[in-house]
Amino acid sequence: MQDTAARDLDHAERFIMAATEELASLGVPRSIIAPWLTAREARVARIAVREIYVQTPGPLAGMLAARD
């Protein structure tokens with residue numbers, strides 16, 4: 001974990017804008033979206049993904065999709 005830099009906050013703002021547009025296009029009111037998506041007290045976390053699993057309904061749910 002580390003503090004955010006200006007570029008991190010720029011990335012967060014772009015994500016928030018894109019996610020807001022996507023949710024609004026699905027009919028979610030913007031007034032409800034705003035409290036969910038915020039960069040307030042943001043931190044940066046670096047993680048290493050080693051495995052990815054299919055998590056949608058259907059015959060492949062829970063199956064390993066990729067491994068590092």
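**Asp8, Ile52 and the chain as a whole**

Me: What is Asp8 in contact with, leaving aside its neighbours within four places in sequence?
Reply: Asp3 and Val44. Contact means heavy atoms within 4.5 Å. This is a predicted model: local features need pLDDT of at least 70, side-chain atom pairs pLDDT 80 or more, while totals for chains, interfaces and linings use all residues. Residues are numbered from 1 along each chain as its sequence is written, and side-chain values use heavy atoms, without hydrogens or water.

Me: Why has Asp8 no salt bridge?
Reply: A salt bridge needs a side-chain nitrogen of Lys or Arg within 4 Å of a carboxyl oxygen of Asp or Glu. The nearest side chain of opposite charge, Arg7, is 4.4 Å from Asp8, so the cut-off is missed. Asp8 is nevertheless buried. Asp8 belongs to helix 1 (residues 6–25).

Me: Why does Ile52 count as partly exposed?
Reply: Its relative accessibility is 45%. Buried means under 20% relative accessible area, exposed over 50%, and partly exposed lies in between (1.4 Å probe, protein chains only). So Ile52 is partly exposed. Ile52 sits in strand 1 (residues 51–53). With Ile47 and Val49, Ile52 makes a nonpolar surface patch of about 320 Å².

Me: How do you know that the protein chain is more spread out than a compact globule?
Reply: The elements run α-α-β-β from the N terminus. The chain's radius of gyration, taken over C-alpha atoms, is 16 Å. The globule rule (2.2 Å times the number of residues to the power 0.38) gives 11 Å for 68 residues. The value is well over that, so the chain is more spread out. Of the 68 residues, 9% count as buried.

Terms used
Patch = residues over 30% accessible without salt bridge, like charges linked within 9 Å, V, L, I, M, F, W, Y side chains within 5 Å. Areas by Shrake-Rupley, 256 points an atom, 1.4 Å probe, with all protein chains shown as cover. Helix = DSSP H or I, 4+ residues; strand = E, 2+ residues; numbered from the N terminus. Lys, Arg positive; Asp, Glu negative; His and termini not counted.
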